[in-house]
Amino acid sequence: MGPLDAAWHLLNFVAPALGVAVLAAALAKLLWRRELAAVPWRRLALWAAGAGVLVLVGGMVLFGRDGKMATYAALVVASALALWWVGFVRR
């Protein structure tokens with residue numbers, strides 16, 4: 001596997017976490033407009049993406065492979081918890 005192939009594999013591995021983070025942060029800013037006015041969208045998205053990538057790596061270690069539905073369910077929960085923590089608890 002060459003460097004370009006490795007980069008594509010890594011990008012495709014973290015793509016679900018990045019996609020969920022971007023969508024969840026945008027929806028959170030839309031739904032809780034007043035409460036999250038002081039929190040930048042980028043900060044919400046970065047925290048959710050970081051939590052998501054950690055969950056994906058943990059799922060890979062725990063299950064030995066990528067793409068398990070339990071990992072994706074944990075990804076959604078971890079992203080939601082990260083948004084809640086950054087947006088409402090840790091101001």
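Buried residues account for 26% of the 91 residues in this protein, and the model from which that share was computed is a predicted one. The C-alpha atoms fill a box of roughly 50 × 25 × 20 Å when the box is taken along the principal axes. The secondary structure comes to 3 helices and 0 strands, and from the N terminus onward the elements follow the order α-α-α.

The arrangement of these helices can be followed pair by pair. Two packed helices are described by the angle between their axes and by the distance between those axes. For helix 2, which covers residues 41-63, and helix 3, the axes come within 8 Å of each other and cross at roughly 150°. Because angles over 145 degrees count as roughly antiparallel, helix 2 is classed as roughly antiparallel to helix 3. The crossing of helix 2 and helix 3 is right-handed.

Helix 1 also crosses helix 3, and here the axes come within 10 Å and meet at an angle of roughly 40°. That angle makes helix 1 oblique to helix 3, and the crossing of these two helices is right-handed.

With the helices placed, single residues can be used as reference points along them. G19 is found in helix 1, and it counts as partly exposed because its relative accessibility is 31%, while the buried class is kept for values under 20% and the exposed class for values over 50%. G19 and L54 lie 35 residues apart in sequence, and their C-alpha atoms are 14 Å apart in space.

In helix 2, the corresponding reference point is G58, whose relative accessibility of 33% places it in the partly exposed class. Between G58 and V89 there are 25 Å in space, C-alpha to C-alpha, for a separation of 31 residues in sequence.

For helix 3, A80 can serve in the same way, and with a relative accessible area of 44% A80 is again partly exposed. The C-alpha atoms of A80 and L27 are separated by 11 Å, although these two residues stand 53 residues apart along the chain.

L27 leads on to the surface, since L27 is one of the residues that make a nonpolar surface patch of about 1100 Å². The patch is made by L27, L30, L31, W32, W47, V77, L81, W84, W85, F88 and V89, so that V89, already met as the partner of G58 in a distance, also belongs to the patch. The elements that give two or more residues to the patch are helix 1, which spans residues 3-31, and helix 3, which spans residues 69-89. Which helix gives the most to the nonpolar patch? Helix 3 does, with 6 residues.

L31 offers a closer view of the contribution from helix 1, in which L31 is found. Is this leucine buried or exposed? L31 has a relative accessible area of 62% and is therefore exposed, as the exposed class begins over 50%.

Taken together, the path through the model runs from 3 helices and 0 strands, through a roughly antiparallel pairing of helix 2 with helix 3 and an oblique pairing of helix 1 with helix 3, to a nonpolar surface patch to which helix 3 gives the most.

Conventions
Residues are numbered from 1 along each chain as its sequence is written. This is a predicted model: local features need pLDDT of at least 70, side-chain atom pairs count only at pLDDT 80 or more; totals for chains, interfaces and linings use all residues. Side-chain values use heavy atoms; hydrogens and water are left out. Patches are made of residues with over 30% relative accessible area and no salt bridge: like charges are joined within 9 Å, nonpolar side chains (Val, Leu, Ile, Met, Phe, Trp, Tyr) within 5 Å. Accessible areas come from the Shrake-Rupley method with a 1.4 Å probe; for residues, only the protein chains shown count as cover. A salt bridge is a side-chain nitrogen of Lys or Arg within 4 Å of a carboxyl oxygen of Asp or Glu. Helices (H or I, at least four residues) and strands (E, at least two) are DSSP runs, numbered from the N terminus. Buried means under 20% relative accessible area, exposed over 50%, partly exposed in between (1.4 Å probe, protein chains only). Axes are lines fitted to C-alpha atoms, for helices over the stretch in contact, and angles run from 0 to 180 degrees between N-to-C directions. Angles under 35 degrees count as roughly parallel, over 145 as roughly antiparallel, 65 to 115 as roughly perpendicular and the rest as oblique. A crossing is left-handed if the near helix is turned anticlockwise from the far one by less than a right angle, and right-handed if clockwise.
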